[in-house]
Amino acid sequence: MRRLLLGDEAIALSAIHSGISGVYAYPGTPSTEITEFIQQQQQSAPGSPRIFCKWCTNEKTAMEAALGMSYMGKRAMVCMKHVGMNVAADAFVNSAMTGTNGGLVVVAADDPSMHSSQNEQDSRFYGKFAMIPVFEPSSQQEAYDMVRDAFDFSEKRKIPVLLRITTRMAHSRAEVETGEERGQNGISFPDNPRQWILLPANSRVRNDRLVEEQAVFENDAALDPRNRFIPGKNKEMAVVACGIAYNYLMENYPQGSPYGILKISRYPIPGKLVDQMAGEGIKKILVLEEGQPVVEELIRGMVHSDIEIVGRLTGALPRTGELSPDCVRTALGLEPLQAHASDNIVVPRPPALCQGCGHRDMYAALNEVAAEYENSRIFSDIGCYTLGALPPFRAIHSCVDMGASITMAKGAADAGQHPSFAVIGDSTFTHSGITGLLDCVNSNANVVIIISDNLTTAMTGGQDSAGTGRLESICKGIGVDPAHIRVVVPLPKNMEEIKRTLREEVEYNGVSVVIPRRECIQTFKRHARENKKNKQ
C-alpha cells in the first residue's frame, strides 16, 4: 500500500507496524508529530492493539519508561527533539550498558538552522558517545523501512538504536510503500537480569562487552544495503553523502553522479566501505552531512593523508545552518542555478504572541511593575512566552534551557539582585522547573516566580500539560508558603489586580509564586469549535 506521509508520519506508522507497545515522548518540534500520529491512529481504530501513547513529563522520564517496557520484552519508541537528548542523556547513555530485551528505538529530531531551537546540536555525537548504533534515513521510504529494521536489530543485538532525523526529513512529504503489520511482543524477562543492575562489578563486564561489540555493529552497518559505495568514472573526487544530504546530491545529478558516492545511512561508519572508496585512487573527498562535521572529522583519521578532505570544516560548505541543493551545488563546483525574481519578494514574518494570548497581559503587567524598580531582572524560559523578548514587550533578560528561569533567578538573587523574576510556563515548570523551585525553598531565595499557566503545551500545538490543575498543590507540597501562592486571571480588566499582586510579592522577602491562569487562545478556539460541532 502506498501512502503520502511526512517523515514523522512514516516513522510513526512504521513503529505501529513494527508492533510497538508504547511510545514515550515530550513535545518538541520537529518530533511532535510522531507521537500525535500514533495517538490519532489509536483514536481512529479503537479495536486495534493497545499502544501506550500519553505524553511524558520530560524526555528523561520518557526514556526511562521506554527502558522499563523494553525490560518486559515489549517494543517501545522514545521521541524527542535534539535538545531533549540532553535531558534524557543519563538514561540514554546507561541504556547502552543495560542493553535491551524488547526492541528500543530512540528518535532524535535535530533542527539545523534552529527553526525553533536554541542550538544546532547534532545527536549523532550522543550515539558515538554512548556507543549506540545510529540510523539516519535519507528519505521517507528509508525512514519507514529503517524503523522496522531498527527494532529487529535492537532485539537481535540487545542494544538500543538511535534514529536521527532532521527538520526537512521530519516535515517534508513523500510517497511511502508500507508493509504488513506485525503483532506486539508478549511479556518476557531479560536473559541476563544482572546486566540491568548497574553496580560497578556488573558494569565493568558489560562495558568490556560493549566495546567489543563495536566491531560487530560496524560490520552490520557495512552489510546494510542502505550503506553502499557507488564507483564513479571521475577519480578526481568522491562524495560522502549522509542521510538527507544524499537527496541534495542527487538533485544536482539527476542523470547520475560522475564521482563515486559513499552513501551513509547507518553508523558506526563502515570502515570497509571507506577503504573501498579511498582505494579508487581519488584525490579529494567531499563530505555532505546535515549538522556538525561528525563524519568529516572521522574520515580524516581513516584515509591516507594524501587525500584532501573537504566539507563544513574547510569552508566548502557552510559551517552552520541547513544544507540545501544550492550550497551542495556550489561545493560540487557546478554553476549556480538562475534565481527567480519571486525568490526575493517574500517579506519576513517574525513570530509574535497570538492576539488574545494570556502571556500578553502577563507581560504588560510585569513590565510596568518591573519598571518601578531600578535594574530589575526577568529570567525567562522555553515556550511561547519566550517571544516576550521581542517587540512590543522586550521584557526578558535571559532564556537558556528548560527550567533555567527559576534557577537563574535564584542565582541572581543569591548574588544580591532584587527584584529577581522568573517567568516559566506550566508545561516547562513540570518538565524541569520543580527541582529549581525546591532549591529556592530550601534556601528561602528572594525570588518572584511567575508560572504562566495556559493549561496546555502551547508552543508545540496544544498537547496535554502534566501539571494542569495541580500547580498550586505542587508548589505547596514543595514548601512554598500558601499565602504566597497567588493566582490571577490575565485579562486587561484585571490589570490593576495583577500589578498589585506582583508588587506585594516583590516586597515579600522569600519565595513567591504568582500563577496567571487563562487557557491558550488557540486551544480555546479549538475547544469551542469542537463543542459547537458536538451540539449540532
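**Close-up 1. T460 in the loop between β16 and α16.** In this predicted model, T460 sits in the loop that runs between β16 and α16 (471-478). With a relative accessible area of 17%, T460 counts as buried, because the cut-off is under 20%. Its side chain makes a polar contact of 2.5 Å with the side chain of Q463. Setting aside neighbours within four places in sequence, T460 is in contact with P27, G28, T29, T32 and E36. Another residue to look at here is L455, also placed in the loop between β16 and α16. L455 has a positive phi of about 65 degrees, although it is not a glycine. At a relative accessible area of 33%, L455 is partly exposed.

**Close-up 2. The second largest pocket.** The volume of this pocket is about 560 Å³. There are 24 residues in its lining, and Q39, Q43, C53, W55 and D464 are the closest to the pocket's centre. Which helix gives the largest share of the lining? That would be α2, with five residues. Both α2 (32-44) and α15 supply at least two lining residues each.

**Close-up 3. Helix α1 and the glycine after it.** Helix α1 covers residues 7-17, and eleven of the eleven are buried, so the helix is largely enclosed by the rest of the structure. If you want to click through them, the buried residues are G7, D8, E9, A10, I11, A12, L13, S14, A15, I16 and H17. After α1 comes G19, with a positive phi near 85 degrees.

**Close-up 4. Strand β2 and the open sheet.** Strand β2 (residues 20-25) is mostly covered, with six of its six residues buried. It runs parallel to strand β3 (residues 75-81), and five bridges join the two. One pair to pick out is A25, which stands opposite C79 in β3. Zoom out a little and six strands make up an open sheet with mixed pairing, in the order β2-β3-β4-β6-β5-β11. The edge strands are β2 and β11 (266-267), each pairing on one side only. Over at the β11 end, strand β5 (residues 134-135) and β11 run antiparallel and are joined by two bridges. There, V134 has Y267 of β11 as its bridge partner.

**Close-up 5. Two nonpolar cores.** How many residues does the largest nonpolar core have? It has 103, and the ones with the most contacts inside it are M77, V240 and I285. A second core is separate and has 45 residues, including L353, I396, M495 and V514. Back in the largest core, V240 is one of the best-connected residues. Not counting residues up to four places away in sequence, V240 touches L262, I264, M277, I285, L286, V287, L288, V295 and I299.

**Close-up 6. Helix α14 and its surroundings.** In helix α14 (residues 404-414), the buried residues are A404, S405, I406, A409, K410, A412 and A413. What do these buried residues pack against? Their partners are β14 (377-379), β15 (420-425), α15 (426-443) and β16 (447-452). The helix is followed by G416, with a positive phi near 110 degrees.

**Close-up 7. Two cis peptide bonds and an asparagine with positive phi.** The loop between β14 and α14 is the place of P392. A cis peptide bond joins P391 and P392, with omega at about 5 degrees. In the loop between α14 and β15 you'll find P419. The peptide bond from H418 to P419 is cis too, its omega near -5 degrees. Move on to the loop between α15 and β16 for N444. Though not a glycine, N444 has a positive phi of about 50 degrees. Is N444 buried or partly exposed? Its relative accessibility is 44%, so N444 counts as partly exposed.

**Close-up 8. The largest cavity.** The count comes to one cavity of 30 Å³ or more. The volume of the largest cavity is about 40 Å³. Which residues line the largest cavity? The lining consists of G358, H359, S452, D453, N454, P490, P516 and R518.

Methods:
Residues are numbered from 1 along each chain as its sequence is written. This is a predicted model: local features need pLDDT of at least 70, side-chain atom pairs count only at pLDDT 80 or more; totals for chains, interfaces and linings use all residues. Side-chain values use heavy atoms; hydrogens and water are left out. Buried means under 20% relative accessible area, exposed over 50%, partly exposed in between (1.4 Å probe, protein chains only). Helices (H or I, at least four residues) and strands (E, at least two) are DSSP runs, numbered from the N terminus. Contact means heavy atoms within 4.5 Å. A polar contact is a pair of N or O atoms within 3.5 Å; within protein, one must be able to donate a hydrogen and the other to accept it, and residues adjacent in sequence count only if both atoms are side-chain atoms. A nonpolar core is a set of buried Ala, Val, Leu, Ile, Met, Phe, Trp, Tyr and Cys residues joined through side-chain atoms within 4.5 Å. Two strands pair if DSSP finds at least two bridges between them. On a 1 Å grid over the protein atoms alone, a cavity is a set of points where a 1.4 Å probe fits but cannot get out, and a pocket is an open set with protein on both sides within 12 Å along at least five of seven lines; lining residues have an atom within 4 Å of a point. Grid points are joined across faces, edges and corners, and a volume is the space filled by probe spheres set on the points.
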